[in-house]
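Here is a walk through one protein chain, strand by strand and contact by contact. Keep the structure open and follow along.

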Amino acid sequence: MTSEGSNTTAIALRKPTKDDGYRLHQLVAECPPLDPNSIYCNLLQCSHFAETGVAAEKEGDLVGFISGYIPPQQPETVFVWQVAVHEKGRGQGLAKRMLKEIVGREACKNVTHLETTITEDNEASWALFRSFARDLGAELTYHEHFEKETHFGGKHDSEFLLRIGPFTKPV
């Protein structure tokens, strides 16, 4: 577990547990434009994928969370499913700290690439991942992956698959 202080209180990073599932559901609801998942899905994110997820707490509140997994066909890649940072955790570099925490874990010892999907208008996510790639000295590429009409029936903006790597572990 690592922690880093803001002006008043440290934010601690740790592996999630199933006890975080409902809290994650609430956090995502408070972080638009994130897509909510079912509570059951959040429970799985916090238990089945705990080794590639990170929970951030401040004064007992869940203020940040990243869910991710290593795709079975891509053992060198960690896929970041969702990044949530509550307003109580913003402006402190928390999202990047959480990404570094995940790729530095033993579960990611063979990981040399990171992937995620982002809608074109999600400026905060684009900025985060571009900055993360710069910090790692790694290439960032992207292309349209899930198309609005074809894959979302026109109900969700297209998602671009962003890939960072190869990289070595952050210090």
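Start at one pair of residues: Ala55 stands opposite Phe65 in β4. This is a predicted model. The strands behind that pair are β3 (residues 54-58) and β4, which run antiparallel and share five bridges. Two residues separate the strands in this hairpin, and Glu59 there has a positive phi near 50°.

Now move across β4. Strand β4 spans residues 61-69, and seven of its nine residues are buried. The strand is therefore largely enclosed by the rest of the structure. Beyond the hairpin, β4 also pairs with strand β5 (residues 77-85). That pairing is antiparallel too, with six bridges. Two contacts help to locate it. Gly68 stands opposite Val80 in β5, and Phe65 stands opposite Ala84 in β5. Phe65 thus serves as a useful marker, since Ala55 faces it as well. In a regular strand, side chains alternate between the two faces of the sheet.

How many of the nine residues of β5 are buried? Eight are, so β5 is largely enclosed by the rest of the structure. Strand β5 also pairs with strand β6 (residues 113-119). Here the direction is parallel, and four bridges make the connection. Val80 has Thr116 as its bridge partner in β6. Val80 can be followed both ways, with Gly68 of β4 opposite and Thr116 of β6 as a bridge partner.

Next, the helices. Helix α3 covers residues 94-103 and is mostly covered, with nine of its ten residues buried. The buried set mixes residue types. Among its members are Leu94, Ala95, Met98, Leu99, Ile102 and Val103. Lys96, Arg97 and Glu101 are also in the buried set. An α-helix has 3.6 residues a turn, so residues three or four places apart point the same way.

Helix α2 (residues 39-47) brings us to the surface. Tyr22, Ile39, Tyr40 and Leu43 form a nonpolar patch there, with about 400 Å² of accessible area together. Which element gives the most to the patch? Helix α2 does, with three residues. Leu43 is one of the patch residues and sits in α2. Leu43 has a relative accessible area of 31%, so Leu43 counts as partly exposed.

Turn to the charged pairs. The structure holds 13 salt bridges. One of them joins Arg23 and Glu57, with the closest N and O atoms 2.9 Å apart. Arg23 lies in helix α1 (residues 21-29) and Glu57 in strand β3, so the pair ties together parts that are 34 residues apart in sequence. Arg23 itself is partly exposed, at 26% relative accessible area.

A second salt bridge forms between the side chains of Arg163 and Glu115, at 2.7 Å from N to O. This pair also links distant parts of the chain, with Arg163 in strand β8 (residues 159-164) and Glu115 in strand β6, 48 residues apart. The two partners differ in cover. Arg163 is partly exposed at 22% relative accessibility, whereas Glu115 is buried at 8%. Arg23 and Glu57 belong to a wider set, for salt bridges with shared partners join Arg14, Asp20, Arg23 and Glu57 into one network.

A third salt bridge brings together the side chains of Glu106 and Lys109, at 3.4 Å from N to O. Both ends are exposed. Glu106 has a relative accessible area of 59%, and Lys109 has 53%.

What about the cysteines? A disulfide is a covalent bond between the sulfur atoms of two cysteines. A search of the whole structure finds zero disulfides. Cys41 is in none, and the nearest cysteine sulfur, that of Cys46, is 9.5 Å away. Cys108 is in none either, with the sulfur of Cys46 again the nearest, at 16 Å. Are these residues buried or exposed? Cys41 counts as buried at 17% relative accessibility. Cys108 counts as buried at 0%.

Finally, the annotation. An unreviewed UniProt entry carries the label "domain: N-acetyltransferase" for residues 11-159. In the model, that span is 32% helix and 28% strand, and its end C-alpha atoms lie 30 Å apart.

Notes:
Residues numbered from 1 in each chain as written. Predicted model: local features only at pLDDT ≥ 70, side-chain atom pairs only at ≥ 80, totals over all residues. Heavy atoms only, no water. Patch = residues over 30% accessible without salt bridge, like charges linked within 9 Å, V, L, I, M, F, W, Y side chains within 5 Å. Areas by Shrake-Rupley, 256 points an atom, 1.4 Å probe, with all protein chains shown as cover. Salt bridge = Lys/Arg side-chain N within 4 Å of Asp/Glu carboxyl O. Buried < 20%, exposed > 50% of the residue type's maximum accessible area, 1.4 Å probe, protein only. Pairing = 2+ DSSP bridges. Disulfide = S-S within 2.5 Å. UniProt positions renumbered as here; feature names shortened; annotations may be inferred.
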